[in-house]
Amino acid sequence: MRISVIGTGYLGATHAACLAACGHEVIGVDSNPERVALLSRGEAPFHEPGLESLLYEGVTSGRLTFGTNCAQAATADVHFLCVGTPQRPGSHAADLSALHSAVAALLPYLERPSLVVGKSTVPVGTAAVLGQRLRRDAPAGDRVGIAWNPEFLREGHAVEDSLRPDRLVFGVESDESDQVLREVYAPQIGEGVSVVRTDLATAELAKVSANVMLAARISLVNMLAEVCEASDADVADLTGILGLDERIGSKFLNPGVGFGGGCLPKDTRAFVARAEELGVGGPAAVLREVDAINMRQRARTIDKAVGLLGGRVHGRKVAVLGAAFKADSDDVRDSPALDVAATLEARGAEVHVYDPKATGNAVKARPGLRAASSVEDACRDADVVLVLTDWDDFRGLEPVALADVVRHPRVVDGRLVLDPDKWRAAGWDFHALGRGG
Ligand code: UGA
């Protein structure tokens, strides 16, 4: 099939590359010429395992092209909308301006029957509004259909999640649209991936509901961590016990500095904003607490670091290990690690940051931070070490050797990746959220 993908950020670039890998002819359109130039050479604009080789294969096969103009999408049978829907400045609601601009840019070229499929995370009701607009303003009128097909991919696993998703959700208004999507995803369906056909609104809600469930789970576990700390219990043991209950399971049960990134925080807030518009803000208020508990983890981590520094932050040297919002990513959007580092820097500390992939993005976002080239480089003469991203590299840190590098062996484990007994035995003043001590 001929498919266009409008917006080639993390979602769109991955989706375009995976569709090309499935044998479709794909044109990715983005208003950013630098990004288009990079993608056209088969290079990934961000760190995502397996993406670059798929992009390269797609581009060299001729099945995958990129451009800056929606005119290039005119001959496609299916148009996927993959632009970002960030938090609106000064509000908790989603900013849909990029989505509306993308539709405005595409509209004049919708001269033949086609299906416009939203993948972006949107407030429920958006698809219905877009559908009316397409029918009213597209040259092909009601021969242009609308569908919603939310994407559940995780950063760091995006290619695998796209090629072998847990489920495919088709929010459609007709059998024809359902058939088109079945053709797009024929390889995945052939491999047994479940398809859930539903209406537009349920499909829109499916995505944001999954994210608020995950966010709520993390905040619940962080609430438990705080209770553990107050009662001298150990949250790592506690979550181990909870995870063995089949009904609860062990995934998304890691306490620490909290959730971040371009999705969970803004989706939680946008969900509440939309629920309020719909008159059901009362029950959705539970998610305000989810957000508040999450932000509290950052403050608690800072308090622990300041406590270890005896309350004097100015001029002290802080080593921050981890800047990405999670392991296996170079993304620092709304990263708890970056937030903690930048707050300590703003309070006068000299903050040296090392992350296996995100150091560059961290200092670009917060130029006051100092880039370190390795763990040792960050920790040299440090007054306190903070571990804030759950990279596997940090799990294997050698506390005995590192104690010789720092000025004072004090550490805050903000991700529960270090073994407290081992670090204490090596002479470290060891603290972790939810582990007493
Ligand atoms: C999330 C969802 O997991 C995806 O399904 C969804 O498609 C995506 O958002 C999106 O909306 O596009 P992602 O943001 O890549 O994916 O990251 P997650 O793996 O969900 O982690 C989110 C945050 O929660 C990270 O900061 C992570 O460190 C934190 N986290 C995760 C915890 O603090 N504890 C956990 O147990 C798990």
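Helices, of at least four residues, and strands, of at least two, are DSSP runs numbered from the N terminus. The exercises below apply to a predicted model.

**Exercise 1. Locate Asn149 among the secondary-structure elements, decide whether it is buried or exposed, and find which side chain its own side chain contacts.**

Solution. Begin with the position in the chain: strand E6 covers 144-148 and helix H6 covers 158-163, and Asn149 lies in the loop between them. Next, turn to accessibility, where buried means under 20% relative accessible area. Asn149 has a relative accessibility of 0%, and therefore counts as buried. Finally, consider the side chain of Asn149, which makes a polar contact of 2.5 Å with the side chain of Tyr185. Tyr185 is also part of an aromatic cluster, which it forms with Phe80 and Phe170.

**Exercise 2. Describe the shell around the ligand, and state which backbone atoms lie by its oxygen atoms and how much of the ligand the protein buries.**

Solution. Start with the count: the ligand is surrounded by 21 residues, and the closest are Leu153, Glu155, Asn211, Asn254 and Phe325. Sorted by class, this shell contains ten nonpolar, four polar and seven charged residues. Then ask which helices contribute: helix H9 (200-230) and helix H11 (264-277) each supply at least two residues of the shell, and H9 gives the most, with four residues.

The next step is the backbone. A backbone N or O atom of Glu155 lies 2.7 Å from an oxygen atom of the ligand, while for Phe325 the corresponding distance is 2.8 Å and for Phe152 it is 2.9 Å. As for burial, the ligand taken alone exposes 720 Å², of which the protein buries 92%. Phe152 has a further feature on its side chain, since the charged end of Arg167 sits over the ring of Phe152, 3.6 Å from its centre.

**Exercise 3. Classify the geometry of the aromatic pair Tyr354 and Phe394, and explain which parts of the chain this pair ties together.**

Solution. A pair of aromatic rings is described by the distance of the centres and the angle of the planes. A search of the whole structure finds five aromatic pairs. In the pair formed by Tyr354 and Phe394, the centres are 6.5 Å apart and the planes make an angle of 65°. Planes over 60 degrees apart count as edge-to-face, and the pair of Tyr354 and Phe394 is accordingly edge-to-face. To place the rings, note that Tyr354 lies in strand E10 (residues 350-354) and Phe394 in helix H17 (residues 392-395), so the pair ties together parts that are 40 residues apart in sequence. Both Tyr354 and Phe394 are buried.

Terms used:
Residues numbered from 1 in each chain as written. Predicted model: local features only at pLDDT ≥ 70, side-chain atom pairs only at ≥ 80, totals over all residues. Heavy atoms only, no water. Near = heavy atom within 4 Å. Polar contact = N/O pair within 3.5 Å; in protein donor to acceptor, adjacent residues only side chain to side chain. Areas by Shrake-Rupley, 256 points an atom, 1.4 Å probe, with all protein chains shown as cover. Nonpolar A, V, L, I, M, F, W, Y, C, P; charged D, E, K, R; others polar. Phe/Tyr/Trp six-rings, centres within 6.5 Å; stacked < 30°, edge-to-face > 60°. Buried < 20%, exposed > 50% of the residue type's maximum accessible area, 1.4 Å probe, protein only. Lys NZ or Arg CZ within 6 Å of the ring centre and 35° of its normal.
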